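This report describes the empty spaces, a strand pairing, a helix crossing and some backbone details of one protein chain. The chain is shown here first.

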Amino acid sequence: QDGGEREKDAEEELDVVLLSWAKDLGWEPGTYDVDSFWAADPEGFFVAEVEEAGEKTIVGSVSGIAYGDTFGFIGVYIVLEEYRGRGIGLALFRHALDRLKGRNVGLDAVLAQEGNYQKSGFVSYFRSSRYNFPVIKDAEVASGGEASAKVVRILADDYQRILHCDTWVFPETREAFLKQWLSIPGSGTFGHVADDDGELNGYVSVRKSHTGWRIGPLVADSRDIAETLLDAASRHVREASTVDEQPQSINVYIDVPETNKEATDIVSSRGLLPLFTCIRMYTSGEAALDNERIYGITTFELG
């Protein structure tokens with residue numbers, strides 16, 4: 001196969017992992033996440049194959065995504081249940097880690113695996129939990145008045161407007177990823193305009209997923225701005241949901257870091273309970289994030 005064919009096959013394998021395996025594990029991947037994940041680092045996705053009866057079968061996956069020269073992130077780490085306990089997962093993990101050698105490497109670990117990652121040199125820093133913000137499809141929502149008037153739609157060609165906000169939630173530039181993230185079919189990205197110079201002081205993205213929608217990231221200068229952006233995302237979900245789409249209550253998921261008390265207060269005030277929790281770990285010290293401005297991380301798979 002030539003290089004173009006191999007790359008196409010690899011992206012199709014990633015599609016299987018995200019839309020089949022990750023969905024079956026309850027990770028709730030975005031329906032069109034593959035193109036954005038691939039744009040982040042086309043050389044950073046790996047699979048394990050076994051040969052049985054002359055047939056090769058993909059049985060595991062991992063990503064080791066390189067961002068800039070100093071940071072990397074491990075995710076999409078899955079081994080099919082019937083092939084676990086054979087050392088396949090460890091081999092995949094070591095391959096991803098070796099690819100990112102010399103960088104500070106992060107990952108979001110399920111709590112049960114925290115100890116295993118610590119054995120590989122990772123240190124725990126903070127937890128993030130997934131919540132479901134149910135959106136009632138035919139509920140009337142106030143426009144938000146003056147606050148809502150400061151909300152603007154951000155399209156893919158406008159991605160540079162959010163770059164300074166993205167540095168709050170991510171330690172390296174990721175322009176290729178963001179351009180594709182803002183191009184996801186049916187998605188909505190909204191910025192909040194500051195009073196003084198028109199610069200954004202927050203933004204949110206929302207995209208379709210297997211059983212509902214996913215929010216991420218959500219970054220803002222204040223709780224009021226974050227809630228205004230949440231309202232904008234909710235309105236987008238309502239407007240994008242078809243009349244006959246079921247159920248009446250639409251699942252909208254967000255991954256909230258415990259490092260932002262205002263963010264955890266928002267979910268507590270709405271009576272929401274965590275669906276599951278992951279812990280952020282790094283190999284070379286905590287990444288420089290603006291934790292007080294992060295109300296929702298981008299994705300557990302890519303950071």
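In this predicted model, the largest cavity is lined by Phe126, Val169, Pro257, Thr259, Arg280, Leu289, Asn291, Ile294, Ile297, Thr298 and Gly303. By class, six of these lining residues are nonpolar, four are polar and one is charged. The volume of the largest cavity is about 70 Å³. Across the whole structure, a search yields four cavities of 30 Å³ or more. Such searches rest on a simple principle: a probe the size of a water molecule, rolled over the atoms, reveals where empty space remains.

The open spaces are treated next. The largest pocket holds about 950 Å³ of space. Its lining comprises 32 residues, and those closest to the centre are Tyr77, Ile78, Val110, Gln113 and Tyr117. Two or more lining residues come from each of strand 3 (71-79), helix 3 (88-99), strand 4 (104-110), helix 4 (114-119) and strand 12 (276-282). Strand 3 supplies the largest share of this lining, with six residues. The lining of the largest pocket is made up of 18 nonpolar, eight polar and six charged residues.

The second largest pocket contains about 160 Å³ of space. It has 12 lining residues, and Phe133, Pro134, Val135, Ser234 and Arg270 lie nearest its centre. Helix 8 (residues 223-240) contributes the most to the lining of the second largest pocket, namely four residues. Eight residues of that lining are nonpolar, one is polar and three are charged.

The volumes and lining classes are set out below.

| Space | Volume | Nonpolar residues | Polar residues | Charged residues |
|---|---|---|---|---|
| Largest pocket | about 950 Å³ | 18 | eight | six |
| Second largest pocket | about 160 Å³ | eight | one | three |
| Largest cavity | about 70 Å³ | six | four | one |

Helix 8, which lends four residues to the second largest pocket, also takes part in a helix crossing. A packed pair of helices is described by the angle between the two axes and by the distance between them. The axes of helix 8 and helix 9 (residues 261-269) come within 10 Å, with a crossing angle of roughly 50 degrees. Helix 8 is therefore oblique to helix 9. The handedness of the crossing between helix 8 and helix 9 is right-handed.

Turning to strand pairing, strand 1 (residues 45-52) and strand 2 (residues 55-67) are antiparallel partners joined over eight bridges. Within this pairing, Phe46 has Val62 of strand 2 as its bridge partner. Two residues lie between the strands of the hairpin that strand 1 and strand 2 form, and in this hairpin Ala53 adopts a positive phi near 55 degrees.

Two further backbone details concern phi and the peptide bond. In most residues other than glycine phi is negative, and most peptide bonds are trans. Glu28, which is not a glycine, nevertheless has a positive phi of about 55 degrees. Glu28 is situated in the loop between helix 1 (3-24) and helix 2 (33-40). The peptide bond between Gly216 and Pro217 is cis, with omega at about -5 degrees. Pro217 belongs to strand 10 (residues 212-220).

Note on methods: Residues numbered from 1 in each chain as written. Predicted model: local features only at pLDDT ≥ 70, side-chain atom pairs only at ≥ 80, totals over all residues. Heavy atoms only, no water. 1 Å grid on protein atoms, 1.4 Å probe; cavity = no way out; pocket = protein on both sides within 12 Å on 5 of 7 lines; lining within 4 Å. Points joined across faces, edges and corners; volume = space filled by probe spheres on them. Nonpolar A, V, L, I, M, F, W, Y, C, P; charged D, E, K, R; others polar. Pairing = 2+ DSSP bridges. Axes fitted to C-alpha atoms, helices over the stretch in contact; angles between N-to-C directions. Parallel < 35°, antiparallel > 145°, perpendicular 65-115°, else oblique. Left-handed = near helix turned anticlockwise from the far one by under 90°.
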